[in-house]
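I sat down with this one to see how its strands line up. My notes follow, in the order I looked things up.

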Amino acid sequence: MPGFVKKFLLPVLAACSMSLPAMGQQAIFSAEGLASPQIHEDNSVTFRIHAPKAVKVEVCGDFLSSGNGGWGSAELSEGENGVWSWTSSSLESELYSYAFVVDGMRMLDPSNVFLMRDVRSLMNIFIVPGEKGDLYSINDVLHGSVSKVWYESQSLGMPRRMTVYTPAGYEDAGRRFPVLYLLHGMGGDEDAWVTLGRAVQILDNLIAAGKAKPMIVVMPNGNAALPSAPGEGPDGLYQPVTRPEKTMEGSFETSFMEIVNYVDRHYRTVRKAEGRAVAGLSMGGFHSFHISKQYPGTFGYVGLFSATVPRHGGGDGVYSDFDEKIARQFSDGVELYYIAIGKDDFLYDENVWLRQYLDSHGYPYEYHESEGGHTWRNWRVYLADFLQKLF
């Protein structure tokens, strides 16, 4: 390199390279200062977004729903300096999700870094404090540990990932703990109950309050064709789909005891029915229904949250011999058979049929019916209620 180039070019390049981090920091600081969402003392919430060239801005969210689980919308008004805003009425304590729609294009709130993914949808979240909001929040209590655990599935021919929660003090305790196997719904994965369901916060807070027994909670991936959540395994950064292959055709139920056996070998568990529970939402409720009857005497507690349930006794493999398997399950003893669903849930009639079937045979169960539809708002409530009845 000629001398004059070194003399003049190298200092310029050095200055540019030094300025890049500064430019990044400047971008960070310039994004601060716009409060959105802002939760007020009366639990009303203000949403703001800087969109100076926009014609129409809306906020969409479940707090604007008519109650059946969908999202409603409200229009923001433009104020000074191109900042649009809208303030809700007072909201009940809850975890809410939302997004903006700017001139017809849905986008996340650039002022809110708190997100969750439901299948292929990303959304912002916020928590209104109070009874439910506090239960779903991280509080000043003892906290359990969360591990992403890989196990080998011989029947499915692949290593698979599951999420395992161990309660506070597990590492130092010498005793054994009961286990809840908690299953996700269609389109979910082993991360769903942790992110969308706030299961860890609910467990920590209920256990700390003495309302739930310390327990291990195992959250496996119920999609038998997939090893893990999207982007978390050897399949790479593939896009998630609502219904992957091998979800409700028996593979997951048939292979389920591999999970139970792995957990019993690697954790200090109570290895009998009164120390095991299986529960799930929607598709996970379908899995829980069939797993619990396929392996009678294995699970003393069964939870069906807005479950997909069969309205007939036919099928092959794990779905065969419907009446006989349920009869044996209840004759072997079930500590709690728990059914919960919302009045507006599209699976409501299926659950009516299941209750009529159980009633006709004199099989005992506990039923909880809530407002609303097929939503995480209901499933978080069902989980919290179910946890307090276990073990």
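I began with valine 278 and searched for its bridge partner in S16, which turned out to be valine 302. I kept in mind that this is a predicted model.

Next I looked at the pairing around that bridge. Strand S15 (residues 276–281) runs parallel to S16, with 5 bridges between them. I then followed the chain through helix H6 (residues 283–294): S15, H6 and S16 form a β-α-β unit, and a right-handed one.

Then I asked myself which strand else pairs with S16. I found strand S17 (residues 336–342), parallel to S16 and joined to it by 5 bridges. Here phenylalanine 305 sits opposite alanine 340 of S17.

Are the residues of S16 buried or exposed? I checked residues 301–305, and 5 of the 5 are buried, so the rest of the structure largely encloses this strand. Side chains in a regular strand alternate between the two faces of the sheet, and I wanted to see both. On one side I noted Tyr301, Gly303 and Phe305, on the other Val302 and Leu304, and all are buried, which leaves both faces covered.

I moved on to another sheet. I read its order as S1-S2-S6-S5, an open sheet of 4 strands with antiparallel pairing. Strands S1 (38–39) and S5 (77–78) are at its edges with a single partner strand each, so each has one side without a neighbour in the sheet.

Last, I looked at S2 (residues 45–50) and S6 (residues 83–87), which are antiparallel and share 5 bridges. I marked isoleucine 49, which faces tryptophan 84 in S6.

Notes: Residues numbered from 1 in each chain as written. Predicted model: local features only at pLDDT ≥ 70, side-chain atom pairs only at ≥ 80, totals over all residues. Heavy atoms only, no water. Buried < 20%, exposed > 50% of the residue type's maximum accessible area, 1.4 Å probe, protein only. Helix = DSSP H or I, 4+ residues; strand = E, 2+ residues; numbered from the N terminus. Pairing = 2+ DSSP bridges. Right-handed = clockwise from strand over helix to strand, strands pointing away.
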